[in-house]
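Here is a short walk through one protein model. Have the sequence and the 3D view ready, and follow along step by step.

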Amino acid sequence: EASRASKMGISRSSFKKRRATGGKKPLIRKKRKFELGRASANTRIGVQRVRTVRVRGGNLKFRALRLDHGNFAWGSEGCTRKTRILDVTYNASNNELVRTKTLVKSAIVQVDATPFRQWYVTHYGQELGKKALSEEEKKFSKTQLKKFEARRKNNTIDPQVADQFKSGRLYAAVASRPGQCGRVDGYILEGTELAFYVKKMAKKKSGKKE
């Protein structure tokens, strides 16, 4: 029986599932190759390690086992930068994935804010949250300063995002599937979505203390 069990593969078929009423379904056939499933990648934070997997039709999937960098978009500013992933802070499906720092789609992570801060200085001519002219800003020409002023007029940043820049860490959501495409890409959380997840994380922390 042990040897027989070891040969059994992971199946994605629903034959083993019961009916909505709770009744058992009759088994009409054995497992098929096209119904197979594979073990989860459990992508962790670390130096990049990606493996290729041959799949149906001779195609390839890229199974990321370790990743520490990804492309993250700052939607309201139309800016995307490659940045370092620092931590996994929240996962709606399973707290175990937070404890083990597993990177999956829709996980909430903290990323390094430095690339976005550098872009902000070059685009608006000033550091976030600072009104006075910095030493860097004084080096700009008059035409550049005029351009920066025009950009600043229409610029409004979410206060919660601006506060995060002080700590050097930004909350972001993973939008790609690391176990399928071998990448961790996503977007910076803003507005109501950021407020929602901040509230969820605060609730989780307060629950632990009690």
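**From one asparagine to the core**

Start at asparagine 155. This residue is buried, because its relative accessible area is 17% and the cut-off for buried is under 20%. Keep in mind that the model is predicted.

Where does asparagine 155 sit? Its place is the loop between helix H5 (142-153) and helix H6 (159-167). Now look at what surrounds it. Setting aside neighbours within four places in sequence, asparagine 155 is in contact with Glu77, Tyr120 and Tyr124. With tyrosine 124 there is also a polar contact: the two side chains are joined at 3.4 Å.

Next, turn to the largest pocket. Its volume is about 640 Å³. The lining counts 23 residues, and the closest to the pocket centre are Arg38, Lys61, Arg63, Arg177 and Gln180. What kinds of residue make up this lining? Nine are charged, eight are nonpolar and six are polar. Strand E3 (60-67) and helix H7 (178-181) supply at least two lining residues each. H7 gives the most, with three residues.

Last comes the largest nonpolar core. It holds 32 residues, and Phe72, Trp74 and Val109 have the most contacts inside it. Several strands give two or more residues to this core, among them E3, strand E4 (69-74), strand E5 (79-90) and strand E6 (108-112). Helices that do so include helix H3 (114-124), H6 and helix H8 (191-209). Strand E7 (169-174) is another contributor. The largest share, five residues, comes from E7.

Two elements link back to earlier stops. E3 also supplies residues to the lining of the largest pocket, and H6 borders the loop of asparagine 155.

Terms used: Residues are numbered from 1 along each chain as its sequence is written. This is a predicted model: local features need pLDDT of at least 70, side-chain atom pairs count only at pLDDT 80 or more; totals for chains, interfaces and linings use all residues. Side-chain values use heavy atoms; hydrogens and water are left out. Helices (H or I, at least four residues) and strands (E, at least two) are DSSP runs, numbered from the N terminus. Buried means under 20% relative accessible area, exposed over 50%, partly exposed in between (1.4 Å probe, protein chains only). A polar contact is a pair of N or O atoms within 3.5 Å; within protein, one must be able to donate a hydrogen and the other to accept it, and residues adjacent in sequence count only if both atoms are side-chain atoms. Contact means heavy atoms within 4.5 Å. On a 1 Å grid over the protein atoms alone, a cavity is a set of points where a 1.4 Å probe fits but cannot get out, and a pocket is an open set with protein on both sides within 12 Å along at least five of seven lines; lining residues have an atom within 4 Å of a point. Grid points are joined across faces, edges and corners, and a volume is the space filled by probe spheres set on the points. Ala, Val, Leu, Ile, Met, Phe, Trp, Tyr, Cys and Pro count as nonpolar, Asp, Glu, Lys and Arg as charged, and the others, Gly among them, as polar. A nonpolar core is a set of buried Ala, Val, Leu, Ile, Met, Phe, Trp, Tyr and Cys residues joined through side-chain atoms within 4.5 Å.
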